[in-house]
Amino acid sequence: YVCSTWGNNHFKTFDGDVYQFPGVCEYNFVSDCREAYKEFSVHIQRALNSNGHPEIQYILMKIKDITVYLKPNLVVVDGRIVKTPYYTSGVLIESNEIYTKIYAKLGMVLMWNQQDALMVELDNKFNNHTCGLCGDYNGIQIYNEFINGDASYNSITYGNMQKISKPTAKCEDPDETQALPSCNEHRDECHRLLTSPAFADCRLRLNLEMYLQSCMQDKCACNGKDNSFCLCSTISEYSRQCSHAGGRPGEWRTQNFC
């Protein structure tokens, strides 16, 4: 029931596909895509921060007839800045220094760490009704996202298809021909980090391989620079998803790591 994005442009769809998409336009993250009345939509825009790391700049949501605009430490509802906790017809918004959380009665919970990581949990009454970077929520991997009828898409093409076209937007589509490097030389290190004793309670709850792949891609992208962003974002996501699945990650952060 969870779709998320984190770190170095990683996405995990409701159906469990994990892919990377480095776009910096505004995209449909997840929306109700039925023809008639659409109950909600969530758009996001990323940009590179001063350290050159991708972060979510803003989130724009519509829930029934309410519009919510989120930036770090800022919540705007229907054009007015509001203080949290804030409640309006069926929508509760809470925030602290680290997370902004939105609970919508229609069956959605959104959680953003005000930096790189966003997680949306959606009631299964929306099965097969969603579109966007989170996929169609039909319970089947790959199908209708990356394979649709006779067409097959790579993750960059798929991501570009989710762009919200705005006449004033100045942003380039990422190149659809770029292939991801194979990063197998980092497998052992990533495996060691993700199977550390702190995560013993997570092993049976999550698909380890998909976080391994993300961790390996992160290491490649950092080219050997000892950069905490490279490792910490995927391990943080693993820890968050483990908690969300009912696990109890131990203390994995230390003075010298993350």
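Author: Buried area is the accessible area, taken with a 1.4 Å probe, that two parts lose on being put together, summed over both. By that reckoning domain 1 and domain 2 bury about 1400 Å² between them, with 62% of it on carbon and sulfur atoms. This is a predicted model, in which local features need pLDDT of at least 70 and side-chain atom pairs count only at pLDDT 80 or more, while totals for chains, interfaces and linings use all residues. Residues are numbered from 1 along each chain as its sequence is written, and side-chain values use heavy atoms, without hydrogens and water.

Reader: How do you know where domain 1 and domain 2 begin and end?
Author: The bounds come from an automatic or database domain assignment, which gives 2–161 for domain 1 and 184–245 for domain 2. Their centres, taken over C-alpha atoms, are separated by 22 Å.

Reader: What makes a residue of domain 1 or domain 2 part of the contact, and how many are there on each side?
Author: Contact means heavy atoms within 4.5 Å, and the contact takes 19 residues from domain 1 and 14 residues from domain 2. In domain 1, W6, H53 and M119 lose the most area to domain 2, together 35% of what that side buries. Strand β1 (2–6; strands are DSSP E runs of at least two residues, helices H or I runs of at least four, numbered from the N terminus) supplies the largest share of that side of domain 1, three residues.

Reader: Which polar links are counted between domain 1 and domain 2?
Author: Five residue pairs, both members at pLDDT 80 or more, are in polar contact; this is a pair of N or O atoms within 3.5 Å, one able to donate a hydrogen and the other to accept it within protein, with residues adjacent in sequence counting only if both atoms are side-chain atoms. The count of salt bridges between domain 1 and domain 2 is zero.

Reader: Why is the meeting of E26 and K166 called a salt bridge?
Author: A salt bridge needs a side-chain nitrogen of Lys or Arg within 4 Å of a carboxyl oxygen of Asp or Glu, and the N to O distance between E26 and K166 is 2.6 Å, so the pair meets the definition. E26 lies in strand β4 (residues 26–32) and K166 in the loop between α1 (155–160) and α2 (187–194), so the pair ties together parts that are 140 residues apart in sequence.

Reader: What makes β7 and β8 a pair of strands?
Author: Strands pair if DSSP finds at least two bridges between them; four bridges join β7 (residues 66–71) to β8 (residues 74–77), so these antiparallel strands pass. L70 has V75 in β8 as its bridge partner. Both strands belong to an open sheet of seven, ordered β9-β8-β7-β6-β5-β4-β15 with antiparallel pairing, and the edge strands β9 (80–81) and β15 (130–131) each pair on one side only.

Reader: What makes the bond between T84 and P85 cis?
Author: Its omega is about 0 degrees, and P85 lies in the loop between β9 and β10 (86–88). Most peptide bonds are trans.
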